[in-house]
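Trainee: I should be grateful for a close look at a single part of this structure. Please take one helix together with whatever packs against it, and then set it in its surroundings.

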Amino acid sequence: MKGSLIIIIFFITGIICGASHTIPSLLTDGSISFYVLCCLMFCVGLNLGNDSQTLHLFRKLNPGLFFLPFMTIAGTLSGGCLASIFLTQRSLTDCLAISSGFGYYSLSSIFITNYRGTELGLIALLSNISREICTLLFTPLLARWFGSLAPISSGGATTMDTTLPIIINTIGQQYAIVSIFHGFLVDFSVPFLVTFFCSIA
């Protein structure tokens, strides 16, 4: 929990610094985030490579774990259907398009903005950012209450990058490859599902 709170504090601090323009413009360039993420992934890979037990532990995992990405997709879309019942001002396809972002806010919000307008694109952005933040903040609680796979499913497309470190730190390195595999497949589905639901009137 402590690690999650530290991450959230840094995130909020970044928002405050960005809004107050206290950080040099060079550091706010979007490409900087990409390089930082690359460094993060390098460190995760280095950590995995140094642990000779990781692949051994992965081979012992239940093969059923390979269905986890599909269960995440199905569960998220079911949540979108449920939300559409209460959000009467939004159509079912709107809710499904937003749900199909799976935490991949940068890509999904752009697609939705192009297809359905700025307002829905902004809703998609906030919804998917919220999913990532909730995963970062509540991963220890999710693992304790619902089991080791809950944080991976909660993270959606982010489990191969931004939420991977906190997930590994909480549920163990033996789930790292499952988390990356899960994130990759869910991430891959985003452009197809978002554009599909946006194209339906």
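Mentor: The account below concerns helix 10 and its neighbours, followed by some sites elsewhere in the chain.

The model is a predicted one. The protein chain has 10 helices and 0 strands, and its elements, taken from the N terminus, run α-α-α-α-α-α-α-α-α-α. Of the 201 residues in the protein chain, 37% are buried. Among contacts with a separation of 6 or more, 70% are between residues 24 or more positions apart.

Helix 10 covers residues 176-199, and one of its partners is helix 4, residues 68-86. The axes of these two helices lie 9 Å apart and the packing angle is about 40°. Because angles under 35 degrees count as roughly parallel and those of 65 to 115 as roughly perpendicular, an angle of about 40° makes helix 4 oblique to helix 10. The crossing of helix 4 past helix 10 is right-handed. On the side of helix 4, the contact is made by Leu68, Pro69, Phe70, Thr72, Ile73 and Leu77. Helix 10 contributes Val178, Phe181, His182, Leu185, Val186, Ser189, Leu193 and Phe197. By class, this contact of helix 4 with helix 10 comprises 11 nonpolar residues, 3 polar residues and no charged ones.

One residue on the helix 4 side merits a closer description. Phenylalanine 70, which belongs to helix 4, has a relative accessibility of 46% and therefore counts as partly exposed. From phenylalanine 70 to leucine 185 the distance is 8.4 Å in space, C-alpha to C-alpha, although 115 residues separate them in sequence. Both Phe70 and Leu185 are listed in the contact between helix 4 and helix 10.

A second partner of helix 10 is helix 5, residues 92-99. Here the axes are 8 Å apart and the angle is about 165°. Since an angle over 145 degrees counts as roughly antiparallel, helix 5 is roughly antiparallel to helix 10. Helix 5 passes helix 10 in a left-handed crossing, whereas the crossing of helix 4 with helix 10 is right-handed. Thr93, Leu96 and Ala97 of helix 5 meet Val194, Phe197 and Cys198 of helix 10. The contact of helix 5 with helix 10 has 5 nonpolar residues, 1 polar residue and no charged residues. Phe197 thus appears in the contact with helix 5 and is also listed in the contact with helix 4.

The aromatic residues come next. With ring centres within 6.5 Å as the criterion for a pair, the count comes to 4 aromatic pairs. In one of them, the rings of phenylalanine 184 and phenylalanine 188 have centres 6.4 Å apart and planes at 20°, so this pair is stacked. Phenylalanine 184 and phenylalanine 188 are 4 residues apart in helix 10, which means that about one helical turn separates them. Phenylalanine 184 is partly exposed, its relative accessible area being 48%. Another pair, phenylalanine 196 with phenylalanine 197, is edge-to-face, with 5.2 Å from centre to centre and 65° between the planes. Phenylalanine 196 is partly exposed at a relative accessible area of 45%, while phenylalanine 197 is buried at 10% relative accessibility. In addition, Phe184, Phe188 and Phe192 form one aromatic cluster.

Some sites elsewhere in the chain complete the description. In the loop between helix 5 and helix 6 (105-116) lies phenylalanine 102. Phenylalanine 102 is buried, with a relative accessible area of 0%, and has a positive phi of about 50° although it is not a glycine. Most residues other than glycine have a negative phi.

Threonine 139 is in helix 7, residues 118-146. With a relative accessible area of 0%, threonine 139 is buried. Leaving aside residues up to four places away in sequence, threonine 139 touches Cys134, Pro151, Ile166, Ile167 and Thr170. Ile166 and Ile167 are buried residues of helix 9 (residues 164-171), as are Leu164, Ile168 and Ile171. Just after helix 9 comes glycine 172, which takes a positive phi of about 110°.

Technical notes. Residues are numbered from 1 along each chain as its sequence is written. This is a predicted model: local features need pLDDT of at least 70, side-chain atom pairs count only at pLDDT 80 or more; totals for chains, interfaces and linings use all residues. Side-chain values use heavy atoms; hydrogens and water are left out. Axes are lines fitted to C-alpha atoms, for helices over the stretch in contact, and angles run from 0 to 180 degrees between N-to-C directions. A crossing is left-handed if the near helix is turned anticlockwise from the far one by less than a right angle, and right-handed if clockwise. Contact means heavy atoms within 4.5 Å. Ala, Val, Leu, Ile, Met, Phe, Trp, Tyr, Cys and Pro count as nonpolar, Asp, Glu, Lys and Arg as charged, and the others, Gly among them, as polar. Rings of Phe, Tyr and Trp (its six-membered ring) pair if their centres lie within 6.5 Å; planes under 30 degrees apart count as stacked, over 60 as edge-to-face and the rest as tilted. Buried means under 20% relative accessible area, exposed over 50%, partly exposed in between (1.4 Å probe, protein chains only).
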